[in-house]
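Here's a quick briefing to read alongside the model. Have the sequence and the 3D view open, and follow the bullets topic by topic.

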Amino acid sequence: MRTHLNAMLWLDHLTVIAPTLAEGVDHVRACLDLDVPFGQRHAYMGTYNHLMQLGDTAYLEIVALDPDADRPGRRRWFGLDDRQKVRRDWDAGYRLRGWVARTDDIDRVINGREAIFGRKVALPPVESSFDFAIPDDGSLPLDGAAPSIIDRRGKPRSMASMADLGARLRRFSLEHPDPEVVVSLLRKLAVDRPPVVTQGAEQRYRAQVDTPGGLRELF
């Protein structure tokens with residue numbers, strides 16, 4: 001996979017947003033026949049994750065609210081404070097709920113689009129190393145139809161400490177009731193490797209992933 005030099009945003013990672021981390025890991029195992037190992041705790045957000053490489057600089061994150069963490073001083077990312085909605089979406093089969101796009105100029109990306117992406121938050125709050133755009137209510141941008149935005153301040157995400165289980169992202173797609181709205185936004189943002197957006201009765205992401213056991217689908 002090659003990236004375009006004139007892109008404003010690049011695919012960073014896909015997000016499975018789970019009511020509990022164990023449920024997220026079980027779902028990915030059922031879809032891909034892979035056991036994604038633990039990644040890290042985000043004490044500043046009260047969340048934790050499991051991580052796996054998807055080829056090049058893209059990866060998969062399974063993220064959930066950490067029940068043992070202190071409550072952060074602000075809304076958590078990925079809509080995880082709204083536990084009822086996370087559970088409803090999960091039980092309805094919406095599990096690959098979104099994605100994160102990387103930029104080197106987060107101010108330019110979110111300027112005038114705060115209603116979609118939220119405001120820039122420096123993280124961690126002490127000795128910050130990256131910026132993340134989060135709506136004030138913590139919700140997903142356009143309920144996940146638009147990416148969350150991360151700016152790593154010129155330092156690429158290290159893949160060396162992330163498990164490589166032989167999974168490679170082949171195709172990433174989004175079914176949406178109003179695909180032109182999403183396509184128009186992604187085009188204006190000059191996104192490299194965006195999801196393929198098609199008409200669908202409901203909003204639903206799918207990812208085709210090459211694995212050691214063959215081509216599988218994550219949803």
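**Helix 1 and what comes after**

Right after helix 1 comes Asp 33, and its phi is positive, near 60 degrees. Helices here are DSSP runs of H or I with at least four residues, strands are E runs of at least two, and both are numbered from the N terminus. A word on the ground rules: this is a predicted model, so local features need pLDDT of at least 70 and side-chain atom pairs count only at pLDDT 80 or more, while totals for chains, interfaces and linings use all residues. Residues are numbered from 1 along each chain as its sequence is written, and side-chain values use heavy atoms, with hydrogens and water left out.

- Helix 1 has 12 residues and reaches 16 Å from its first C-alpha to its last. That's close to the 16 Å expected at 1.5 Å a residue, where the expected span is 1.5 Å times one less than the number of residues.
- Leu 21, Gly 24, Val 25, His 27, Val 28, Cys 31 and Leu 32 are the buried residues of helix 1. Buried means under 20% relative accessible area, exposed means over 50%, and partly exposed is in between (1.4 Å probe, protein chains only).
- Those buried residues cover an arc of only 160 degrees around the axis, so they sit on the same side of helix 1. The arc is taken from the directions from the helix axis to the C-beta atoms.
- On the other side of helix 1, Ala 22 and Ala 30 are exposed.

**Nonpolar cores**

- The largest nonpolar core has 46 residues, and Leu 14, Leu 54, Trp 99 and Leu 218 have the most contacts inside it. A nonpolar core is a set of buried Ala, Val, Leu, Ile, Met, Phe, Trp, Tyr and Cys residues joined through side-chain atoms within 4.5 Å.
- Helix 1 (residues 21–32) gives the largest share of this core, five residues.
- Another core lies apart from it, with 15 residues, including Ile 17, Val 63, Val 100 and Leu 123.

**Salt bridges**

- The structure holds 20 salt bridges, each a side-chain nitrogen of Lys or Arg within 4 Å of a carboxyl oxygen of Asp or Glu.
- Asp 81 pairs with Arg 76, with the closest N and O atoms 2.5 Å apart. Asp 81 is buried at 16% relative accessible area, and Arg 76 is buried too, at 3%.
- Arg 119 forms a salt bridge with Asp 136, and the closest N and O atoms are 2.7 Å apart. Arg 119 is in strand 6 (residues 119–123) and Asp 136 in the loop between strand 7 (130–134) and strand 8 (148–151), so this pair ties together parts that are 17 residues apart in sequence. Arg 119 is exposed at 52%, and Asp 136 is exposed at 53%.
- Arg 170 bridges to Asp 210, the closest N and O atoms being 3.0 Å apart. This one links distant parts of the chain, with Arg 170 in strand 9 (residues 168–176) and Asp 210 in strand 12 (residues 204–211), 40 residues apart. Arg 170 is exposed at 53%, whereas Asp 210 is partly exposed at 25%.
- Lys 85, Asp 89, Arg 97 and Asp 143 are joined into one network by salt bridges that share partners.

**Loops worth a look**

- Leu 140 is in the loop between strand 7 and strand 8, and is buried at 11% relative accessible area. Leu 140 and Trp 77 are 63 residues apart in sequence, yet 7.6 Å apart in space, C-alpha to C-alpha.
- Leu 142 is in the loop between strand 7 and strand 8 as well. Leu 142 has a positive phi near 50 degrees despite not being glycine, and is partly exposed at 38%.
- Arg 193, in the loop between strand 10 (191–192) and strand 11 (196–199), is another non-glycine residue with a positive phi, about 60 degrees. Arg 193 counts as buried, at 17% relative accessibility.
- The peptide bond from Leu 123 to Pro 124 is cis, with omega near -15 degrees. Pro 124 lies in the loop between strand 6 and strand 7.
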